[in-house]
Amino acid sequence: MSSLHMFLNNSVSPAADLPRLFKLEKGRYFVRANGRTISACLNLDLQAPASANLEGKLGFDGSKDVMDMEKSVLVGTYARTPVVLSHGKGCKLYDVEGREYVDMTAGIAVNALGHGDPDWVKAVVEQANVLTHVSNVYYSIPQVELAKRLVECSFADRVFFSNSGTEANEAAIKFARKFQRFSKPDDKHPATEFISFSNSFHGRTMGALALTSKKHYRSPFEPVMPGVTFLEYGNIQTAKEAIKCGKTAAVFVEPIQGEGGIYSATKEFLQSLRNACDDAGALLVFDEVQCGLGRTGYLWAHESYGVIPDMMTLAKPLAGGLPIGAVLLTERVAAAINYGDHGSTFAGGPLVCNAALTVLNKISRPGFLASVSKKGKYLKELLSQKLGGNPHVKEIRGLGLITGIELDVPAAPLVDACRNSGLLILTAGKGNVVRLVPPLIISEEELEFAAKILSECMPVLGKSNSN
């Protein structure tokens, strides 16, 4: 037992008020417990426990206790996987019982640098010791630095920060409508409608939800924002006919659909949208919340198509696990936005922006992006070799390290079997697509392990289908 633990045990009672430790400066700590504050000057380095024993000290006796407590205190919005994760490193995760998993989910395409990246941790800790939050009443350096970097490495001239992908899309909705009013000030009825596509997912808040095609997401909360038309993803002729001057404010499209089932657009489709929007005076918005920032082997997914949007929304991987969203937009669109048109208390805070700077700087290196592309090709080769002959596998698709395995049966039994064998994977589409979005730092050995486990677990699909 360390001298710190001995100090805590001798200074506080084991009552319900658990000790809480606050570091104020080097070597000095305050401990708050049972309503008392105790000061200690200690010359030692604190390290988080690597084992799962920490959960026991918090009053939980294992995974079942945590899951039972979750049911009693949290709103039941999540059908969670029955695993209680305690810590991770790189592409490995560990549950409270100490079981190891290879992570092919990355927190739903969020942890691009894996778990516990030392540069990311350093950025977070250093910034937390300096300045965490000030609101957007004031200027802060990390926010300006991050915006400058995003502008430098993209098509954009301006950036708006939010806290999530759905918030970024909400901002883009507002900016599109404001742009239409700004660009046609004499028009009493400016364009206000939007076009989205089949299998799309843009978020769960009311505006972004209205752009999301799956009806079961929208129907419990209708009426959602009116004026959205859903078209077939990839259908050029239908899109040309639907995008109309004076009616369509913006077109929202994912260059690669993640939640919808890992469907990639064609260059011809995206270029036709660009041309139709230009002809109609509408804005083209690329939602790269899941497919952007290195996931495809390109910094931005649309770069592989050579088609430039008016706005692009980002979120998931940008801050490496901390909540952030962003809208990147051209000067032409930004000119329509004035003080007070939109805002956020938390968005673009110093802590999250300093973390995001580290993520962006690492991922944007050409060598890093080349490695993602190489590993993505290797993964598809492995999957084709090991799964290609399986009668339940209809297609293996994707770009870089966003990969989908479409099945002719529900994927849930395969997900469960893989988890029991130490591999974490996701589903997409209608539940029949296995979604693989690992940390971008994943090794070829870990990809080989993933393909091996997937192959070994495939027979469960035959059993579940017969049942």
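The following paragraphs describe the overall make-up of a predicted model and two of its sheets. Residues are numbered from 1 along each chain as its sequence is written, and side-chain values use heavy atoms, with hydrogens and water left out. Local features need pLDDT of at least 70 and side-chain atom pairs count only at pLDDT 80 or more, whereas totals for chains, interfaces and linings use all residues.

The protein chain contains 17 helices and 20 strands, taken as DSSP runs numbered from the N terminus (helices H or I, at least four residues; strands E, at least two). Of its 467 residues, 49% are buried, that is, under 20% relative accessible area with a 1.4 Å probe, protein chains only. Where contacts (heavy atoms within 4.5 Å) link residues at least 6 apart in sequence, 68% join residues at least 24 apart.

One open sheet comprises 4 strands in the order β4-β5-β6-β18, with mixed pairing; strands pair if DSSP finds at least two bridges between them. Because β4 (85–89) and β18 (423–424) each have a single partner strand, one side of each is left without a neighbour in the sheet. Within this sheet, β5 (residues 92–95) and β6 (residues 100–103) are antiparallel and share 3 bridges; Tyr94 stands opposite Glu100 in β6.

A further open sheet of 4 strands follows the order β16-β17-β20-β19, and its pairing is antiparallel. At its edges, β16 (393–399) and β19 (426–428) each pair on one side only. Between β17 (residues 402–407) and β20 (residues 433–436), which run antiparallel, there are 4 bridges, and Thr403 has Leu436 in β20 as its bridge partner.

How values were computed. Buried < 20%, exposed > 50% of the residue type's maximum accessible area, 1.4 Å probe, protein only.
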